[in-house]
Amino acid sequence: MKKIVVTGGNGFIGSNLVNFLTKKKYFVINIDKNKYSQGSYLLKSMSKKNYKFYKLDINSKKIFHILKKYKPIAIFNLAAETHVDRSIDAPRNFISSNILGTFNILEQLRNYNKKINKKIKLIHISTDEVYGDIKKGERSSEKSPYMPSSPYSASKASSDHLIKSYVRTYNINATISNCCNNYGPGQFPEKLIPTLIFNILNNKPLPIYGKGLNSREWIYVEDHCRGLFDILRKGKSGQSYNIGTGFNITNLNLTKLLLKIARNKKMKISKKVKIQFVKDRPGHDFRYALNSKKIFKELKWKPKKNFESGLNETLNWYIQNYSFFNFFSKKIFFKRLGLK
């Protein structure tokens, strides 16, 4: 059974990717420091036959020993601080995880290549936010300049540059994926869609930054996992691949659509559940949008999930798994951040 390491495997995308890979009959080694919880809600029933978990920070040199022990064919690096608002309040954590953590993984890979003389493919998961604010009518391609706006996106841009330098200088076998906003089962409550769902289910107002006109491109998490798997199988070292759907929607229209879906389910929605515009965060980018023609053409990947049907399935999942919201500290995820 071929082995794959997933860093940050207890996170939202990481957990979904671990499930995806084990279903594909890979043995998955999950490395996560469990910052927000004591494990992954989505991986509670994972079989030990093809899964191993290590509670470990990616800045640890123990990663080399894990690589030496399992000799994986690949590493998916998803371990990262990802919440923009949190990066405004505590940028140091983002520098440590996203830049220094990536640097350590690269160094352990370089050491492994020297001593074991066997290359491991690194797939580094980045974000569309590295491209910065995109004008209406335009889309970022892999050749677009990096223009990060927040400590989060700047730290991810830095890690991308580190990856490319190690490919060029040390011949590390690595690719980068830049994906749009993910949604789906198991997303942490600090993100927009699960926050809106939680508030609908708990008769609370729906907070929207500014006037709600900020536009985001969305992808169902399983479609993203399929894209990452195609990069593993067919992606070329040193290349970047945008993973997007081409579907953009404003935060205001997304909220209205979610309310429509909830009402169509005949859910009892309190009068308290109404859109509430709140103070915007500093430096909030207006629009992200990806040109994903490269992965469509070269790797033959395309998204399958329609946004409205994916949003409907996501709402169903949270209704059926309401205990998920009790899996985390509400002090961590429901306190307004990013006002500094």
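Helices and strands here are DSSP runs, with at least four residues for a helix and at least two for a strand, numbered from the N terminus. With that in hand, Lys71 can be placed in the loop between helix H2 (62–70) and strand E4 (74–77). One thing to keep in mind from the start is that this is a predicted model.

**Lys71 and another positive phi**

Lys71 has a backbone angle worth a look: its phi is positive, about 50 degrees, although Lys71 is not a glycine. Its relative accessibility is 40%, so Lys71 counts as partly exposed. Asn171 also has a positive phi, near 60 degrees, and is likewise a residue other than glycine. You'll find Asn171 in the loop between H5 and strand E6 (174–179). With a relative accessible area of 47%, Asn171 is partly exposed.

**A positive patch**

Lys71 also belongs to a group of lysines. Together with Lys68, Lys114, Lys115 and Lys118, Lys71 makes up a patch of positive charge on the surface.

Where in the fold does Lys118 lie? Lys118 sits in the loop between helix H4 (91–116) and strand E5 (121–127). Its relative accessibility comes to 47%, and because buried means under 20% and exposed over 50%, Lys118 counts as partly exposed. Lys118 and Pro72 are 46 residues apart in sequence, yet their C-alpha atoms are 9.8 Å apart in space.

Once you set aside the neighbours within four places in sequence, Lys118 is in contact with Tyr112 and Asn113. Asn113 has its place in helix H4, and at 16% relative accessibility Asn113 counts as buried. Apart from its own neighbours within four places, Asn113 touches Lys118, Lys119, Ile120 and Ile172.

**Salt bridges**

Side chains of opposite charge can pair when their charged atoms come close. How many salt bridges does a search of the whole structure find? The search turns up 6 salt bridges, including the ones in this table.

| Pair | N to O distance |
|---|---|
| Glu217 and Arg139 | 3.2 Å |
| Arg226 and Asp223 | 2.9 Å |
| Arg233 and Asp230 | 2.7 Å |

Take the salt bridge between Glu217 and Arg139, at 3.2 Å from N to O. Glu217 lies in strand E9 (residues 215–220) and Arg139 in the loop between E5 and helix H5 (151–170), so this pair ties together parts that are 78 residues apart in sequence. Are the partners buried or exposed? Glu217 is buried, with a relative accessible area of 0%, whereas Arg139 is partly exposed at 32%.

Helix H7 (residues 221–234) holds the salt-bridged Arg226 and Asp223, and because these two are 3 residues apart, they are separated by about one helical turn. Arg226 is buried, with a relative accessible area of 16%, and Asp223 counts as buried too, at 4% relative accessibility.

Arg233 and Asp230 are also 3 residues apart in helix H7, so about one helical turn separates them. In this pair, Arg233 is partly exposed, with a relative accessible area of 48%, while Asp230 counts as buried at 8% relative accessibility.

Conventions:
Residues numbered from 1 in each chain as written. Predicted model: local features only at pLDDT ≥ 70, side-chain atom pairs only at ≥ 80, totals over all residues. Heavy atoms only, no water. Patch = residues over 30% accessible without salt bridge, like charges linked within 9 Å, V, L, I, M, F, W, Y side chains within 5 Å. Areas by Shrake-Rupley, 256 points an atom, 1.4 Å probe, with all protein chains shown as cover. Salt bridge = Lys/Arg side-chain N within 4 Å of Asp/Glu carboxyl O. Lys, Arg positive; Asp, Glu negative; His and termini not counted. Charge placed at Lys NZ, Arg CZ, Asp CG, Glu CD. Buried < 20%, exposed > 50% of the residue type's maximum accessible area, 1.4 Å probe, protein only. Contact = heavy atoms within 4.5 Å.
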